[in-house]
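Work through the exercises below with the model open. Try each task before reading its solution.

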Amino acid sequence: MSLGNSPEDERPIPDESQEARPSVGRALQQARIAAGLTVDDVSSATRVRIAIVHAIESDDFALCGGDVYARGHLRTLARAVHLDPGPLIAQYDAEHGGRPAPTPAAPMFEAERIRPERRGPNWTAAMVAAIVVVIGFVGFTAVKGGDGGSREQVAEGATPAAGKTASATPKKAKPVAPTGEPSDSAIAAAPQDKVTVQVSAPNGRSWISAKDHNGRMLFDGLLQKGESKTFQDSSKVNLILGDAGAIELYVNGKKIEDTFKPGAVERLTYTKGDPVAG
């Protein structure tokens with residue numbers, strides 16, 4: 001009779017928890033439904049736009065504008081549906097490359113520690129300070145001794161100078177350059193070898209994201225009602241409009257006639273020449 005384990009007993013037991021674990025967006029959606037909340041309820045409670053809530057629950061983090069904003073939205077939404085945000089953020093980092101490695105702080109503290117040890121008396125600075133004090137004292141004595149004559153000379157010389165100033169023709173003040181966003185005429189006069197895009201929000205506020213042809217972020221945030229932003233690049237400007245119905249666009253001095261609906265999310269690309277939506 002064998003006392004050892006059979007081969008079946010030695011086979012590894014599969015980790016069912018990893019296989020059954022839902023995605024980040026699915027976990028948030030299940031928790032929201034279990035809490036009896038709608039997407040509108042979560043959006044009102046967290047001030048995260050409805051379009052972004054729908055996108056995150058579908059595991060689409062493009063509207064978040066980057067990993068930092070995505071983690072912030074996940075933390076806010078998780079608390080709203082009574083979930084611990086820590087595991088969700090860890091799962092997001094594991095699926096999207098993880099957090100950037102922090103900069104080591106040891107050299108900074110080491111420098112602070114050894115700095116007092118290598119400091120010595122600054123004799124050069126002390127000598128310079130002493131010389132300045134001596135020169136200042138000598139100068140003060142000389143000025144005090146000839147103070148009466150100097151006052152009379154200044155008083156006598158002040159009269160013609162004042163008369164000359166009064167008779168001089170006043171100079172015209174230079175016009176002050178206007179501030180604020182460029183006007184339509186300024187956009188039309190933009191260099192022809194670049195693409196210029198002006199985004200305005202006359203009908204309500206909207207989240208917008210703008211990147212140049214290299215993918216560098218030019219702007220990512222909320223454009224309030226009545227505000228406008230102008231972006232310029234040598235070849236291409238990429239836009240994401242969170243609420244395209246509230247936006248008016250001017251590209252290379254021309255107004256874009258669109259049919260965007262309120263609340264619609266639009267991804268657009270504009271280049272030099274005639275405006276063309278990508």
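The exercises that follow concern a predicted model.

**Exercise 1. Two helices**

Task: Determine how helix α5 and helix α6 pack, and which residues make the contact.

Solution:
- Step 1. Locate the helices: α5 covers residues 50–57 and α6 covers residues 67–80.
- Step 2. Take the geometry: the angle is about 90°, and the axes lie 12 Å apart.
- Step 3. Classify the angle. Angles of 65 to 115 degrees count as roughly perpendicular, so α5 is roughly perpendicular to α6.
- Step 4. List the residues in contact: α5 contributes I52, V53 and I56, while α6 contributes H73, L74 and L77.
- Step 5. Sort them by class: the contact has 5 nonpolar residues, 1 polar residue and no charged ones.

**Exercise 2. A cavity**

Task: Find how many cavities of 30 Å³ or more the structure holds, and describe the lining of the largest cavity.

Solution:
- Step 1. Count: there is 1 cavity of 30 Å³ or more.
- Step 2. Give the volume: for the largest cavity, this is about 50 Å³.
- Step 3. Name the lining residues: L28, R32, V42, V53, E57, L77 and V81.
- Step 4. Assign them to elements: α3 (24–34) and α5 are the elements that each give two or more residues to this lining.
- Step 5. Sort by class: 5 of the lining residues are nonpolar, 2 are charged and none is polar.
- Step 6. Link back to the first exercise: V53 belongs to the contact between α5 and α6, and V53 also lines the largest cavity.

**Exercise 3. The sheet that contains β1**

Task: Write down the strand order of the open sheet that contains β1, and explain what sets its edge strands apart.

Solution:
- Step 1. Order the 4 strands: β4-β1-β6-β7, with antiparallel pairing.
- Step 2. Identify the edges: β4 (228–233) and β7 (254–255) each have a single partner strand, so one side of each has no neighbour in the sheet.
- Step 3. Examine a pair: β1 (residues 195–200) and β6 (residues 248–251) are antiparallel, with 4 bridges.
- Step 4. Pick out a position: V197 is opposite V251 of β6.

**Exercise 4. The sheet that contains β2**

Task: Repeat the analysis for the open sheet that contains β2.

Solution:
- Step 1. Order the 4 strands: β3-β2-β5-β8, paired in the antiparallel sense.
- Step 2. Identify the edges: β3 (217–223) and β8 (266–271) pair on one side only.
- Step 3. Note the turn: ignoring direction, neighbouring strands are turned by 15° against each other on average.
- Step 4. Examine a pair: β2 (residues 206–212) and β5 (residues 236–241) run antiparallel and are joined by 5 bridges.
- Step 5. Pick out a position: I208 has L241 in β5 as its bridge partner.

Definitions and conventions:
Residues numbered from 1 in each chain as written. Predicted model: local features only at pLDDT ≥ 70, side-chain atom pairs only at ≥ 80, totals over all residues. Heavy atoms only, no water. Axes fitted to C-alpha atoms, helices over the stretch in contact; angles between N-to-C directions. Parallel < 35°, antiparallel > 145°, perpendicular 65-115°, else oblique. Contact = heavy atoms within 4.5 Å. Nonpolar A, V, L, I, M, F, W, Y, C, P; charged D, E, K, R; others polar. Pairing = 2+ DSSP bridges. 1 Å grid on protein atoms, 1.4 Å probe; cavity = no way out; pocket = protein on both sides within 12 Å on 5 of 7 lines; lining within 4 Å. Points joined across faces, edges and corners; volume = space filled by probe spheres on them.
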